[in-house]
Amino acid sequence: MQTAEKHVKESTQKAWNKRPLIISGPCSAETEEQVIETAQRLAATGKVDMLRAGIWKPRTKPGMFEGVGAKGLPWLQQAKKITGLPTTVEVATGKQVQDALTFDVDVLWIGARTTVNPFSVQEVADALRGVDVPVLIKNPINPDLELWSGAVERVARAGVKQIGLIHRGFHTYGNTEYRNAPMWHLAIEMKRRNPELPIINDPSHICGRRDILKDVSQRAIDLDFDGLMIESHIDPDKAWSDAKQQITPEVLAEMLDSIIWRKEDINSEEYHAALEKLRQQINHLDDELMQILGQRMKIAEKIGEYKRDNKITILQTNRWNEILERAFKKGDNLNLSHEFITKYFDAVHMESINHQKKVLDA
Ligand code: PEP
Ligand code: MN
């Protein structure tokens, strides 16, 4: 294979190892001038470690701009020559891997629409066999950690030694504040499962708009992410793809300046990161509790139907005492006070009765 002897360059390795790792550049390479000017303005900020650009763009509908294709690769080579910034490109097929490596792209990334498809991931992985190039793997579009892990495994089994993760949020149906919901707890869980892999955040594709980029970036840094990938453009409103979420290199620099990276005191920074992680875990558990409570009420409604059909009263004191007695016993082992258990079960029980009553009234 023509690419078999390639090794990671020292400059690429240095960028890859840098914390926080900041990757920026346009959603899409559009013209040679645009790529080079973006790279120069990013390099001038002194805050960017790697240049990104989409060459092949996976678009939802045909007829949208699908990227300039391989002819954009020499533009990136030129941008690197001028600025010294290592480059990174999204690859989705074996041929794209070959083309990117032929033109010296330093780091490859697998996009969210590719991570969902094991055939495509395998094809990319096969093309990477015997090549020493770092690969970043975005989370799949749907919130499925197994698919994400599967992609990591396929690429690792092909012999790729340096793998990183990109958290770019997950698709949800309908309008939300975000273009892709961050679901932070999933990124945290992925990190917990793969502590050796760096994980960077892509606020651009999470937000889909400029005004909340900073907040999402700060949140990622508070959660101890290893870096950020943020889209930038010399004239964002005129970008050929993802115009709403791109910012100029200068705005990017200001934003990076406004982020609180590290407190002077190392302990307080660790404390902050640890606290954020624990809060996300609590949010996750609270979500699960709500789900479970919802399920509990559904069962209560079923019981209501039986009682209705058999003409039995809703409130049965014996049953209620039995529930409380059970809960006190369990609660003792879980360190939950009788006062709390009584209040909690009163609330749950009242809600349950209301649900059963709805069935009777229906
Ligand atoms: C991109 O980075 O421009 C891109 C297409 O991202 P994603 O795969 O996260 O949608
Ligand atoms: Mn984009």
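Where do F340 and Y344 lie, and how many residues apart are they? Both sit in helix α14, which covers residues 338-361, and they are 4 residues apart, about one turn of the helix. Please keep in mind that this is a predicted model. Across the structure there are 4 aromatic pairs, and here is a friendly look at two of the contacts.

**A pair between distant parts of the chain**

- F65 and W240 form an edge-to-face aromatic pair, with 5.1 Å from centre to centre and 90° between the planes.
- This pair links distant parts of the chain, as the two residues are 175 residues apart.
- F65 belongs to the loop between β2 (50-52) and α3 (73-83), while W240 belongs to the loop between β8 (227-231) and α11 (249-258).
- F65 is partly exposed, because its relative accessible area of 21% falls between the 20% limit for buried and the 50% limit for exposed.
- W240 also counts as partly exposed, at 42% relative accessibility.

**A pair within helix α14**

- The ring centres of F340 and Y344 are 5.9 Å apart and their planes meet at 20°, so this pair is stacked: the angle is under 30 degrees.
- F340 has a relative accessible area of 43%, which makes this residue partly exposed.
- Y344 is partly exposed too, with a relative accessible area of 31%.

**A cluster around the helix pair**

- F340 and Y344 join F345 in one aromatic cluster.

How values were computed. Residues are numbered from 1 along each chain as its sequence is written. Chains are lettered from A and ligands numbered from 1 in the order in which they are written. This is a predicted model: local features need pLDDT of at least 70, side-chain atom pairs count only at pLDDT 80 or more; totals for chains, interfaces and linings use all residues. Side-chain values use heavy atoms; hydrogens and water are left out. Rings of Phe, Tyr and Trp (its six-membered ring) pair if their centres lie within 6.5 Å; planes under 30 degrees apart count as stacked, over 60 as edge-to-face and the rest as tilted. Buried means under 20% relative accessible area, exposed over 50%, partly exposed in between (1.4 Å probe, protein chains only).
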